[in-house]
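Here's a quick tour of the charged side-chain pairs in this protein, with a stop at one histidine along the way. Have the structure open and follow along.

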Amino acid sequence: MQQQTKAFKDKKMQRHKTVDQYISKKRDHKKELTKLRKIIKSTELVETIKWGAPVYTIDGKNIVGIAAFKSYVGLWFFQGTMLKDKKKKLINAQEGITKALRQWRFTSKNEMDENLIKEYLLEAIDNQKKGKVIKHTKNKPLDLPIDLSKALNKNKKLKTIFEKLTLSKQREYAEHISTAKREDTKMKRLEKIIPLILEKKCLYDKYKNC
């Protein structure tokens with residue numbers, strides 16, 4: 001999560017000790033920030049300040065943060081890529097840098113659908129409780145499980161495409177297989193990921209809705 005939190009941290013120009021102080025300093029977006037805060041606090045999330053901005057947690061884990069910029073207010077989901085995002089509200093604010101962090105932008109209070117925002121928040125909370133998160137893998141070497149290695153060696157096209165994937169995508173596939181405890185589970189997962197690899201897709205495009 002270091003990359004994701006760094007990206008969120010880098011957006012902050014000032015340090016604030018309380019959420020009230022942060023909101024009071026953002027006069028142009030005070031109404032938007034106040035409404036987002038009210039919606040978030042209607043859930044079980046715990047309010048805190050990190051990197052000088054409001055962040056909301058559960059069991060000490062960062063779930064969502066809010067931040068005001070010149071032209072919009074952003075709602076940051078630290079594990080946003082794991083959300084279903086049925087309404088296609090989330091964007092990657094720093095493409096190629098952030099892996100899990102996703103942002104929802106609002107230019108006015110009128111754009112904020114309270115029920116929809118809360119739906120996203122509750123899903124994010126539930127994902128955290130179930131452990132459906134992308135873990136930080138910086139500098140972690142690629143360790144191919146035997147079953148995946150055999151499948152790649154048997155299929156030249158599959159191996160060629162796999163080797164062209166980014167290291168992070170390769171790790172995701174490898175860890176998906178290696179974390180299965182039963183052999184039959186490993187084989188089932190292997191069968192499911194082969195078409196994804198051939199389509200050059202990210203593992204979580206398929207599994208984030210599971």
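What follows goes through the salt bridges and then the histidine.

## The overall picture

Keep in mind that this is a predicted model. The salt bridge count comes to six. Three of the pairs get a closer look below, along with a network.

## R37 and its network

Start with R37, whose side chain meets that of E47 in a salt bridge, at 2.8 Å from N to O. The two come from distant parts of the chain: R37 belongs to helix α3 (residues 30-41), while E47 is in strand β1 (residues 46-50), and 10 residues separate them. How accessible are the two partners? R37 has 16% relative accessibility and counts as buried, because the cut-off for buried is under 20%. E47, at 26%, counts as partly exposed.

There's a third player here too. D20 is linked with R37 and E47 in a network of salt bridges.

## K129 and E44

Next up is K129, which forms a salt bridge with E44; their closest N and O atoms are 2.9 Å apart. This is another link between distant parts of the chain, with K129 in helix α4 (residues 114-130) and E44 in the loop between α3 and β1, 85 residues apart.

Is K129 buried or exposed? At 51% relative accessibility, K129 counts as exposed, since the exposed class is anything over 50%. E44 has a relative accessible area of 48% and is partly exposed, so E44 falls in the class between the buried and exposed cut-offs.

## K201 and E199

Then there's the pair K201 and E199, whose side chains meet in a salt bridge with an N to O distance of 3.1 Å. K201 is partly exposed, with a relative accessible area of 37%. E199 is partly exposed as well, and its value is 47%.

## A look at H29

Now leave the salt bridges for H29, which you'll find in the loop between α2 (19-25) and α3. Where does H29 stand on accessibility? With a relative accessibility of 9%, H29 counts as buried, because that value is under 20%.

And which residues does H29 touch? Leaving aside residues up to four places away in sequence, H29 touches A68, F69, K70, S71, Y72 and V73. So if you click on H29 in the viewer, those contacts with A68 through V73 are the ones to look for.

Note on methods:
Residues numbered from 1 in each chain as written. Predicted model: local features only at pLDDT ≥ 70, side-chain atom pairs only at ≥ 80, totals over all residues. Heavy atoms only, no water. Salt bridge = Lys/Arg side-chain N within 4 Å of Asp/Glu carboxyl O. Helix = DSSP H or I, 4+ residues; strand = E, 2+ residues; numbered from the N terminus. Buried < 20%, exposed > 50% of the residue type's maximum accessible area, 1.4 Å probe, protein only. Contact = heavy atoms within 4.5 Å.
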